[in-house]
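Visitor: Please take one part of this model and look at it closely, setting it in the context of the whole chain.

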Amino acid sequence: MSIDQKHITTLEPAALDRKQFTVAEANRSLPYVARVVDDVMSVYKRIVDLRRGLEDIGAGDESLELERDYERSMDRLGELVDELHMVGVELKDFEKGLIDFPAEHNGREILLCWQQGEQAVTHWHEIDAGFGGRQTVEALEP
């Protein structure tokens, strides 16, 4: 049975089976994840620019075209975020390209953390710590 794209975009991340990544698995997925994050960042920048344009102009034909472009871009952004969710990762910041990979260490859930521009997944943090609580993955070694 095939799931159409419209159905996929309505799924919440929690509705999907939550994959647990090892550091090696997260690093193997990076070439693909990084390409999608590049697209997310580009589309998000376009949306911000379009929003500013809409705020700066009044009603008219130009406004209608900007609104259509804005809606198409928002739809595309949603598709890209859904694509990341299907991989099993969570996008945390559209501008910085910050991604969390769910993982487990010593029986508790943690998040492996990667940001666009980094060559590999080299950090992790507790679920409630966020980016500021990042530690190197070497700390995960027994």
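Guide: What follows is a close look at helix α2, with the chain around it described before the helix itself. The model is a predicted one, and its chain contains three helices and five strands, arranged along the sequence in the pattern α-α-α-β-β-β-β-β. Of the 142 residues in the chain, 35% count as buried, while the accessible surface amounts to about 8,800 Å², with 50% of that belonging to carbon and sulfur atoms. When contacts between residues at least 6 apart in sequence are considered, 46% of them join residues at least 24 apart.

Helix α2 itself covers residues 23-56, and because a rise of 1.5 Å a residue gives its 34 residues an expected span of 50 Å, the 46 Å between its end C-alpha atoms agrees with that expectation. The helix nevertheless bends by about 55° at Leu30, with a proline, Pro31, following within four residues. Leu30 is also one of the buried residues of α2, a list that includes Ala26, Ser29, Val33 and Ala34 as well as Val36, Val37, Val40 and Val43, and that continues through Ile47 and Leu50 to Leu54.

A further residue to consider alongside this part of the chain is Ser63, which lies in helix α3, residues 61-87. The C-alpha atoms of Ser63 and Gly53 are 8.5 Å apart in space, with 10 residues of separation in sequence. Ser63 has a relative accessible area of 8%, and because that value falls under 20%, Ser63 counts as buried.

Key:
Residues are numbered from 1 along each chain as its sequence is written. This is a predicted model: local features need pLDDT of at least 70, side-chain atom pairs count only at pLDDT 80 or more; totals for chains, interfaces and linings use all residues. Side-chain values use heavy atoms; hydrogens and water are left out. Helices (H or I, at least four residues) and strands (E, at least two) are DSSP runs, numbered from the N terminus. Buried means under 20% relative accessible area, exposed over 50%, partly exposed in between (1.4 Å probe, protein chains only). Contact means heavy atoms within 4.5 Å. Accessible areas come from the Shrake-Rupley method with a 1.4 Å probe; for residues, only the protein chains shown count as cover. The expected span of a helix is 1.5 Å times one less than its number of residues. The bend at a residue is the angle between axes fitted to the seven residues ending there and the seven starting there.
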